[in-house]
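Thanks for asking me to look this one over. My notes follow, as numbered points you can check against the coordinates.

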Amino acid sequence: MSILIKNGRIVTASSSFIADIYTEREKIVAIGKDLQYDADKIIDATGKLVFPGGIDPHVHLDMPFMGTYSSDNYETGTRAALHGGTTMVIDFILQTQGDTLHNALKEWQGRSMGKAVGDYSYHMAVTDFNDEVAKEVVQMIEEEGISSFKTFMAYKGALMIDDGQMVQLMKVVKEHGGIVTVHATNGDMIDALIAKNRKEGNLSPLYHYLSQPEVTESEASARFADMLNYTGCPGYIVHMTCEGALNAVRQATRRNQKVFVETCTQYLMLDASLYEKDFEGAKWVMSPPLRKEKDRNALWSGINQGLVQVVGTDHCPFKWEQKLMGKDDFSKIPNGHPAIEHRMEFLYSEGVRKGKISLEKFVEVSSTNAAKIFGMYPRKGTLAIGSDADIVVFNPDKKHTISVKTHHMNVDYSAYEGWEVTGKTETVLLRGKIAIENEECKLKAGDGRFIPRGKASKII
Ligand code: URP
Ligand code: ZN
Ligand code: ZN
């Protein structure tokens, strides 16, 4: 199939201009003014923005966690992502402690193959590092197209590795051209605060927030940056929420070190006052928790200062019935919230329309930088000749309201019910095929493809 998109404002991370784009089969073939091609389909994008399909590098689909599974699977999750203009996601494989990375890979392939509607890749979470796992890490990079390794400095007993394992993993990953990513919070401090609050009978969702103060994140972020500096390994901190953690990264730049940072739309938009709503606060129980206004301001500034390179979602939805598992004890509420569908529209509406970031920065942090950092640029993350034709045609002026009644995620509430958004994803192409048109998904389970990734970038 060939498609000609005419007269849109084409936006990349470096520029924006009015032109046409022509795609054939899976790729972008031409970009220019008044292109003359005999296309199978013509899309009039006059007055619209045309930008690269979003890449959300932080999602949890069908993930076993805290005694249940996240409620979006590969089909519902990637379909919802497409509705919002995200054409590719990177999910997390979790190694079971005591088991191999290859077994975990097989398990996740079983969950995703033939089911994804949009494109996807995996980060491999190393939860138990030893000499055998070190060999598997190399095989993941060289043979499986998985070059990013997730670590947890929290969730002791299930996912956390200690600092000795972290440094050993960094050495192997560095040598073979990968990147280590981290959930950077001090697990021991958090566990002690949770135990204290439970003992004192403080059991509501508010105490989830109070058990993870800012210092737990700033301390771990600084420690992770120091370990990266010591080993020379490239690193990436996921879901950063606060000023203190950002300052730890700022401090690392003073020794000419680059630590990549991801924040998520919820940390740019929401704050911890939501935990004061009694049990309804469970909708926003996630780790790390929402913070304060000063942290939101620091993160928006961090994006413009180039300290924060990526905005993801940490999409990890649970239905209300699942959240109720923690009705009498905040520590049993499954951590995570639904957001995969709205990331691009939120970032455009709250960021670009409110004058906080430029259009080019919007593309950079929603797509291009993730492609560069995680080894898939320029196949993904830009509009260029030869790139995959993952393209969003976006109406910048259309207003709409977020609601559980209209979203496509498999979750029975919205964490943003009634939120007014300016800007709507209208048409989405995935590798040159129409994926979304007139609010309908035209692709089916199995149309999404695993994207093997190359070596990770050290500098972008
Ligand atoms: O609360 C969260 N973030 N749930 C998903 C797991 C993680 O830590 O990213
Ligand atoms: Zn995390
Ligand atoms: Zn996560």
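**Notes on the model**

1. A word on origin before anything else: this is a predicted model, so please take each value below as computed from it.

2. Let me start with the overall dimensions. The radius of gyration is 21 Å, which agrees with the value near 23 Å for a compact globule of 460 residues. Along the principal axes, the C-alpha atoms fill a box of roughly 70 × 50 × 45 Å. If you are planning a surface calculation, the chain exposes about 16500 Å², with carbon and sulfur atoms supplying 48% of that area.

3. On to the fold. The chain has 13 helices and 19 strands, and 62% of its 460 residues count as buried. Take the contacts between residues at least 6 apart in sequence: 76% of them join residues at least 24 apart.

4. The chain is divided into two domains, and one of them is assembled from separate segments: domain 1 covers 3-51 + 383-396 + 422-441, while domain 2 covers 54-373. Their C-alpha centres lie 31 Å apart. Domain 1 gives 26 residues to the contact and domain 2 gives 20 residues.

5. Which residues hold the zinc ion (ligand 3)? Its coordination comes from H58 and H60, each through NE2, and from D314 through OD, at 1.9 to 2.1 Å. In sequence these donor residues follow the spacing H-x1-H-x253-D. The angles among the four donor atoms run from 86 to 135 degrees, and the site is tetrahedral. Both histidines are shielded: H58 is buried because its relative accessible area is 1%, under the 20% cut-off, and H60 is buried as well, at 5%.

6. The zinc ion (ligand 2) has H183 (ND1) and H239 (NE2) as its protein donors, lying 2.1 Å from the ion. This pair links distant parts of the chain, since H183 belongs to strand β12 (residues 179-183) and H239 to the loop between β13 (235-237) and α8 (243-253), 56 residues apart. H183 is buried at 2% relative accessible area, and H239 also counts as buried, at 2% relative accessibility.

7. Tetrahedral or irregular: how does the site of the zinc ion (ligand 2) come out? With angles of 56 to 152 degrees among its four donor atoms, this site is irregular. You may want to look at the two ions together, as 3.8 Å separate the zinc ion (ligand 2) from the zinc ion (ligand 3).

8. Helix α8 deserves a look too. Its buried residues are G244, A245, L246, A248, V249 and A252. An α-helix has 3.6 residues a turn, so residues three or four places apart point the same way. The cover over the buried residues of α8 includes α7 (214-231), β13, β14 (259-264) and α10 (293-304).

9. Last, a residue away from the metal discussion: A389 sits in the loop between α13 (359-373) and β16 (391-401). Is A389 buried or exposed? A389 is buried, with a relative accessible area of 0%. Leaving aside neighbours within four places in sequence, its contacts are T23, E26, K27, I28, L429, L430, R431 and G432. As a distance check, the C-alpha atoms of A389 and R291 are separated by 38 Å, with the two positions 98 residues apart along the chain.

How values were computed:
Residues numbered from 1 in each chain as written. Chains lettered and ligands numbered in written order. Predicted model: local features only at pLDDT ≥ 70, side-chain atom pairs only at ≥ 80, totals over all residues. Heavy atoms only, no water. Donors = N, O, S within 2.8 Å, 3.2 Å for Na, K, Ca; no water. Tetrahedral: all angles 85-135°; square planar, octahedral: opposite > 155°, others 65-115°. Buried < 20%, exposed > 50% of the residue type's maximum accessible area, 1.4 Å probe, protein only. Helix = DSSP H or I, 4+ residues; strand = E, 2+ residues; numbered from the N terminus. Rg over C-alpha atoms; globule rule 2.2 N^0.38 Å. Contact = heavy atoms within 4.5 Å. Areas by Shrake-Rupley, 256 points an atom, 1.4 Å probe, with all protein chains shown as cover. Domains from an automatic or database assignment.
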